[in-house]
Amino acid sequence: MKRRRGRRALTNFENLPVSTQVYELQGKERACPCCGEERQEIGAEESWQIEYLPGHFERIQHVRKKYACGSCEASAAGPQIQVAARAESPIARGLAGPGLLAYIVTSKFSDYLPLYRLEEIFARQGFEIARATQSVWCGAVADLVEPLYQRMRSRCGPRTWWPPTTPCCPC
């Protein structure tokens, strides 16, 4: 079986409601390090994220503005281009937002809902996410919370902190 490369196409992605978040440089950050003049906006980088808000999905468009110094570019002094900071994402270059990841992980591990049922629930809500994709995201969340798990284990000892019947430490 040949494994597909790249991001999987998610059905009905274009039909989700969109909210846009714009990230810009502050006044001090716009100053050119060469000449001190304010850099002008020259474009923007766009990325998308899917978020689950209780009861519906939403597509979030992240727009990061780019700035360059016009006077340095005109004098060929090596224009300094700077892009606004990227929004933090739980999974690097991931399409899933923190709310969607939290919902999937909570449904699977706290509510004991299998991923195939979540796949069906999402399809009824108008947006299909394959269970294989959900499984990869669960693994990524597990990697993300591994340091927290190790910290809890070092403070409380192995298996004494779960299930939470009695507090095992002053935290």
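**Notebook: strand β3 and its partners**

I began with one cross-strand pair: E45 stands opposite R64 in β3. The model I am reading is a predicted one.

*Entry 1, the pairing of β2 and β3.* I looked up the strands behind that pair. Strand β2 covers residues 40-53, and 13 bridges tie β2 to β3 in the antiparallel sense. I then followed the chain from β2 into β3 and found a hairpin, with two residues between the strands. In the turn I noted G55, whose phi is positive, at about 95 degrees.

*Entry 2, the other partners of β3.* I next asked which further strands pair with β3. Strand β1, residues 18-23, runs parallel to β3, and six bridges join the two. For a position within this pairing I recorded S19, which stands opposite I60 in β3. Strand β4, residues 82-83, runs antiparallel to β3 and is joined to it by two bridges. Here I recorded K66 of β3, which has V83 in β4 opposite it.

*Entry 3, burial of β3.* I checked how much of β3 is covered. Strand β3 spans residues 56-68, and eleven of its 13 residues are buried, so the strand is largely enclosed by the rest of the structure. For the chain, I noted that buried residues make up 28% of its 171 residues.

*Entry 4, the loop between β1 and β2.* I picked out Q26, which lies in the loop that leads from β1 to β2. Is Q26 buried or exposed? Its relative accessible area is 55%; the cut-off for exposed is over 50%, so Q26 counts as exposed. I also looked up its distance to A84: the two C-alpha atoms are 8.8 Å apart in space, although Q26 and A84 are 58 residues apart in sequence.

*Entry 5, the chain as a whole.* I listed the elements and found four helices and four strands. Their order from the N terminus is β-β-β-α-β-α-α-α. I then turned to contacts in the chain between residues at least 6 apart in sequence, and found that 58% of these join residues at least 24 apart. Last, I read the exposed surface: the chain exposes about 11,700 Å², of which carbon and sulfur atoms supply 52%.

*Summary for my own use.* Strand β3 pairs with β2 over 13 bridges, with β1 over six and with β4 over two. The β1 pairing is parallel, whereas the β2 pairing is antiparallel, as is that with β4.

Methods: Residues are numbered from 1 along each chain as its sequence is written. This is a predicted model: local features need pLDDT of at least 70, side-chain atom pairs count only at pLDDT 80 or more; totals for chains, interfaces and linings use all residues. Side-chain values use heavy atoms; hydrogens and water are left out. Buried means under 20% relative accessible area, exposed over 50%, partly exposed in between (1.4 Å probe, protein chains only). Two strands pair if DSSP finds at least two bridges between them. Contact means heavy atoms within 4.5 Å. Accessible areas come from the Shrake-Rupley method with a 1.4 Å probe; for residues, only the protein chains shown count as cover.
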